[in-house]
Amino acid sequence: ARSMTDMHETMLIEVIDQTMAIVYGKDWAHTRLPNCKCDKLLRRSKTKGGLPLEHADFAHYELIMCHDEHFADAFQLGFSEPAVLRDLLKEIGELRAASHHAGRAFGPDDLVKMRVAYAALRKGLSEIWNEVAPDA
């Protein structure tokens with residue numbers, strides 16, 4: 001579950017970052033993160049180093065991607081409505097937490113749920129990427 005999560009979270013970060021840069025410009029993090037209540041990521045990036053999204057979790061991805069403007073301008077290309085994306089990100093976040101933290105139950109059924117959820121996420125992200133960066 002950990003390697004699957006690492007691979008998909010890396011892909012998610014990359015698609016969010018690149019899509020937001022294409023739609024809003026290279027400085028999107030500074031101009032858009034405050035709008036979706038994720039300016040904490042800017043502060044963490046400044047004090048700890050790295051890109052803002054390197055300090056994000058699934059709650060932050062949800063705030064960024066499901067923000068009304070961000071969803072309308074970019075993420076609706078891969079997901080039918082914000083609630084669908086929100087539910088998917090919440091489910092993945094909960095499964096990730098269960099699989100990565102001792103004391104939380106995570107069994108074979110959860111692994112299947114995780115695989116299905118990541119497949120849905122991959123499909124939506126691919127659709128977005130094919131629209132915003134068809135030549136990439």
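This is a short talk on the salt bridges, a histidine, an aromatic pair and the helix α7 in one structure.

Okay, before anything else: what you're looking at is a predicted model.

Let's start with the charges. The structure holds 6 salt bridges, and I'll walk you through some of them. Take R32 and E69: their side chains meet at 2.7 Å, N to O. R32 sits in helix α2, residues 28-32, and E69 in helix α5, so this pair ties together parts that are 37 residues apart in sequence. R32 has a relative accessibility of 11%, so it counts as buried. E69, at 41%, is partly exposed.

R32 has something else going on, too. Which ring does its charged end sit over? That would be Y24, with the charged end 4.3 Å from the ring centre.

Next, E62 and R86. Their closest N and O atoms are 3.3 Å apart, and they form a salt bridge. Here E62 comes from helix α4 and R86 from helix α6, so the link is between parts 24 residues apart in sequence. E62 is buried at 15% relative accessibility, while R86 is partly exposed at 29%. And there's a network here: salt bridges link E62, R86 and K90.

Now, H67. You'll find H67 in the loop between α4 (58-66) and α5 (68-73). Is H67 buried or exposed? Buried, because its relative accessibility is 17%, and the cut-off for buried is under 20%. The H67 side chain reaches the backbone oxygen of N35 at 3.4 Å. Leaving out residues up to four places away in sequence, H67 touches R32, N35, C36 and E62. So two of our salt-bridge residues turn up again there: R32 and E62.

Staying with α4 for a moment: searching the whole structure gives 1 aromatic pair. The rings belong to F58 and Y61, with centres 5.1 Å apart and planes at 85 degrees, so we call the pair edge-to-face. F58 and Y61 are 3 residues apart in helix α4, about one turn, and both are buried.

Last stop, α7. This helix covers residues 108-132, and from first C-alpha to last it reaches 36 Å, close to the 36 Å expected for its 25 residues. Its buried residues include M114, Y118, L121, L125 and I128, and among what covers the buried residues are α1, α4 and α6. There's a salt bridge within α7 as well, K123 to E127, at 2.6 Å. Those two are 4 residues apart, about one turn of the helix. K123 is exposed at 54%, and E127 is partly exposed at 29%.

That's it from me.

Terms used: Residues numbered from 1 in each chain as written. Predicted model: local features only at pLDDT ≥ 70, side-chain atom pairs only at ≥ 80, totals over all residues. Heavy atoms only, no water. Buried < 20%, exposed > 50% of the residue type's maximum accessible area, 1.4 Å probe, protein only. Polar contact = N/O pair within 3.5 Å; in protein donor to acceptor, adjacent residues only side chain to side chain. Contact = heavy atoms within 4.5 Å. Phe/Tyr/Trp six-rings, centres within 6.5 Å; stacked < 30°, edge-to-face > 60°. Lys NZ or Arg CZ within 6 Å of the ring centre and 35° of its normal. Expected span 1.5 Å × (residues − 1). Salt bridge = Lys/Arg side-chain N within 4 Å of Asp/Glu carboxyl O.
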